[in-house]
Amino acid sequence: MRRIEARRASRNTVRACSALLALYGATPVIAGSDFVLTIEDDLDYARFGQVVDYRVTLSNDGDTDAANVSWSMVVTDGLDGDAASWVCYGAGAGATCGGSGDGLPVESGVSLPAGRSLTWVVAVPVRADTPDVGVDAAAVLVAPVELEAVDSNVLVLLRDGFDVGYPLRDTDD
């Protein structure tokens, strides 16, 4: 399985996401919170026109509850963010999120108690007419700390010939 990179967000990405999230005016609470941000789609490649389901997980591994957490998702031009849809799972027992929506998620005011996590499933179509050879999706946490997790896929027409059924996944169970 591929390793997904989590790193400090680039300044341009953080500025873009911060500008969007500034509309909400939330002040984060962070002392004692330790965040882990991941994004995964279980794919190494994607097909033109395919809808890719990304799982974004935000965990608070610290010993303090966090409030007013803000994050968003950004994608490269080969993905159609306007046609995306998303659902948040794991709310309750003090954890809150926006529930669901259309377009790429831009979440503000998320609450995440210590030891809890929230997962967003974001369905994003690959543009059928993109000239790109690959696509990237990034989850960007902008408050209370700056973190970025990126998932990359190579775009393909076919894989392993015409005789392989869709989707191509290992069936060894």
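This is a short dialogue on reading the sheet, core and salt bridges of a predicted model.

Colleague: Start with the sheet. What holds strands together in general?

Modeller: Strands of a sheet pair through backbone hydrogen bonds, in parallel or antiparallel fashion.

Colleague: What is the strand order in the open sheet here?

Modeller: The order is β2-β4-β9-β6-β7, five strands with antiparallel pairing. β2 and β7 (100–102) are the edge strands, each paired on one side only. From one strand to the next, the twist averages 15 degrees.

Colleague: How many bridges join β6 to β7?

Modeller: Three, and the two strands run antiparallel. For a register mark, take W86: the residue opposite is G101 in β7.

Colleague: Now the core. How many residues does the largest nonpolar core have?

Modeller: A nonpolar core is built from buried residues joined through side-chain atoms within 4.5 Å. The largest one here has 32 residues. Y54, M73 and W120 have the most contacts inside this core.

Colleague: Which strands each supply at least two residues of the core?

Modeller: From the open sheet, β2 (35–40), β4 (51–60), β9 (117–125) and β6 (85–89) do. So do β5 (66–75), β8 (106–112), β10 (134–143) and β11 (147–156).

Colleague: Take W120. Which residues does W120 touch?

Modeller: Leave out residues up to four places away in sequence. W120 then touches Y54, R55, V56 and L58, along with W71, W86, V87 and C88. C97, E107 and V110 complete the list.

Colleague: R55 is charged. Which side chain meets that of R55 in a salt bridge?

Modeller: That of D42, at 3.1 Å from N to O. D42 sits in the loop between β2 and β3 (45–47) and R55 in strand β4, so the pair ties together parts 13 residues apart in sequence.

Colleague: Are D42 and R55 buried, exposed or partly exposed?

Modeller: D42 counts as partly exposed, at 37% relative accessibility. R55 is also partly exposed, with a relative accessible area of 33%.

Colleague: How many salt bridges does the structure hold?

Modeller: Two. In the other, the side chains of R127 and D80 meet at 3.5 Å, N to O. R127 lies in the loop between β9 and β10, and D80 in the loop between β5 and β6, so this pair ties together parts 47 residues apart in sequence.

Colleague: Why does D80 count as buried?

Modeller: Buried means under 20% relative accessible area. D80 has 19%, so D80 is buried. R127 counts as partly exposed at 31%.

Notes: Residues are numbered from 1 along each chain as its sequence is written. This is a predicted model: local features need pLDDT of at least 70, side-chain atom pairs count only at pLDDT 80 or more; totals for chains, interfaces and linings use all residues. Side-chain values use heavy atoms; hydrogens and water are left out. Buried means under 20% relative accessible area, exposed over 50%, partly exposed in between (1.4 Å probe, protein chains only). Helices (H or I, at least four residues) and strands (E, at least two) are DSSP runs, numbered from the N terminus. Contact means heavy atoms within 4.5 Å. Two strands pair if DSSP finds at least two bridges between them. Axes are lines fitted to C-alpha atoms, for helices over the stretch in contact, and angles run from 0 to 180 degrees between N-to-C directions. A salt bridge is a side-chain nitrogen of Lys or Arg within 4 Å of a carboxyl oxygen of Asp or Glu.
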